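Colleague: I am new to this structure and would be grateful for a close look at a single part of it, namely the charged pairing that joins distant parts of the chain. Please explain how that part is set within its surroundings.

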Amino acid sequence: MADTTLGSRGGRLLVEALGFVVLAYIAYAVTMSLWPPPEPKRLSAAESVDLIVAPGVSVELMPAAKSLNGARFAGFDVSPDGAIVVSTEAVAASRVVDMANGEAVFTDGTAITSFAFVAGELAAVDSDGRVGVNSDGRFQPVGDGPVRGFRLGASSDGSRLFFLRTDYDGEGNVPALLSMVEGAAPEVLTGSFDPLRAVGGDALQTYFSLGGALFQLFEPGRSALLLALPDATQSVVGIGVSGGALYFATERAVYTLVDQIVLPLVIGIGGDLRILGSDLYVLDVRQARVYRIALSTAGRS
């Protein structure tokens, strides 16, 4: 793990990427100061959230079943056919439900701690740290997780399953991020003393965040810093990749990175990201609800 740990050895990576970081930092600051914001748009259906939206972008609060009124969503994912699955915050344990009808996804009573769609199936982790899939409403375990205390993520194209360690590792002996494709063993991608905040990618690209820093992974154990947020109070909490497009979100906004320039898409919501077709989905950190961001309104009724 010595070659893959971010921490005391992260300085070399930062130095290698310093020129790019400076450009990205300046572009971010200049864009935020000069981008002419339109009048704030108020979405009455979104609990009166004020949003600033870039031209050609629209935002919609996704409807939830009446049985979920008042519920706060702690996690989510979007299936290839557009179904949104959410976990609800509760005092004792969370429930994993279909957001549209409020029905339980796992009907056998298994306590699920994390889930993600990969290769068209809903993968999940139970409270014992076992990895499994949803089989007709039942949790079907396939094996133990590759590291202790982890959560799942998936690439935007559904080709890879990610495992993110969730606790601090002061010894640098436990991988912070692994990925797995169907039929293969998990592959260690990088280490980190602190747990990584978000991961995203596709079959070829991988990006991850540590606090307010966004990294690109070139190969296992070799990554470079793409940008560091100028606002130290914000973190990169969501990452999405679609072809050559990279999207990321803080707790308060959603951005895209184009030609080393950070462009804001929506200011006022932010959180974990998913991509389906030309749409972004975000589980807003503060509202704990799911929004859809349509990146082009052309041709939409």
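Modeller: One cut-off is needed at the outset: a residue is called buried when its relative accessible area is under 20%, exposed when it is over 50%, and partly exposed in between. The relative accessibility of Asp77 is 4%, and therefore Asp77 counts as buried. Please bear in mind throughout that this is a predicted model.

Asp77 has a charged partner. Its side chain meets that of Arg274 in a salt bridge, with an N to O distance of 2.9 Å. The two residues belong to distant parts of the chain: Asp77 is in strand E5 (residues 73-78) and Arg274 in strand E24, 197 residues apart. Arg274 has a relative accessibility of 17%, so this residue too counts as buried. Side chains of opposite charge can pair when their charged atoms come close.

Arg274 also forms a salt bridge with Asp272, where the closest N and O atoms are 3.0 Å apart. Asp272 has a relative accessible area of 27% and is therefore partly exposed. Arg274 thus meets a buried partner in Asp77 and a partly exposed one in Asp272. Elsewhere, Arg148, Arg165, Asp167 and Asp169 are joined into one network by salt bridges that share partners.

The structure holds 8 salt bridges in total, and another of them offers a useful parallel. Arg130 pairs with Asp126, with 2.7 Å between the closest N and O atoms. Asp126 is buried, since its relative accessible area is 3%, whereas Arg130 is partly exposed, at 31%.

Strand E24 brings us to the nonpolar surroundings. In soluble globular proteins, nonpolar side chains tend to be buried together. The largest nonpolar core here has 18 residues, and the members that touch the most others are Val59, Val266, Ile269 and Ile293. Strand E24 (271-276) is one of the elements that give two or more residues to this core, along with strands E3 (49-53), E21 (245-249), E23, E25 (279-284) and E26 (290-294). Strand E3 gives the most, with 3 residues. The strand that carries Arg274 is thus also a contributor to the core.

Ile269 deserves a closer view. Leaving aside residues up to four places away in sequence, its contacts include Val49, Leu51, Val59, Val254, Val282 and Tyr291, and also the charged residues Glu251, Arg252, Asp284 and Arg286. A second core, separate from this one, has 15 residues, among them Tyr207, Leu226, Val236 and Phe248.

Strand E23, another contributor to the largest core, spans residues 261-267 and contains Ile261. With a relative accessible area of 37%, Ile261 is partly exposed. Together with Val258 and Leu263, Ile261 makes a nonpolar surface patch of about 200 Å². Gln260 is placed in the loop between strand E22 (253-258) and E23. Although Gln260 is not a glycine, its phi is positive, at about 65°; the residue is partly exposed, at 36% relative accessible area. Ala119, in the loop between strand E8 (112-118) and strand E9 (121-126), likewise has a positive phi, near 50°.

The wider setting can be stated briefly. The protein chain has 2 helices and 26 strands, and buried residues make up 48% of its 301 residues. Among contacts with a separation of 6 or more, 46% are between residues 24 or more positions apart. The chain exposes about 14,000 Å², of which carbon and sulfur atoms supply 52%.

A word on confidence is also due. The mean pLDDT of the chain is 85, and 81% of the residues reach 70 or more. Two stretches are under 50: residues 7-27, with 22 contacts beyond four places in sequence, and residues 29-34, with 8 such contacts. Where pLDDT is low, the predicted coordinates should not be read in detail.

Notes. Residues numbered from 1 in each chain as written. Predicted model: local features only at pLDDT ≥ 70, side-chain atom pairs only at ≥ 80, totals over all residues. Heavy atoms only, no water. pLDDT = per-residue confidence, 0-100. Contact = heavy atoms within 4.5 Å. Patch = residues over 30% accessible without salt bridge, like charges linked within 9 Å, V, L, I, M, F, W, Y side chains within 5 Å. Areas by Shrake-Rupley, 256 points an atom, 1.4 Å probe, with all protein chains shown as cover. Salt bridge = Lys/Arg side-chain N within 4 Å of Asp/Glu carboxyl O. Helix = DSSP H or I, 4+ residues; strand = E, 2+ residues; numbered from the N terminus. Buried < 20%, exposed > 50% of the residue type's maximum accessible area, 1.4 Å probe, protein only. Core = buried A, V, L, I, M, F, W, Y, C linked by side-chain atoms within 4.5 Å.
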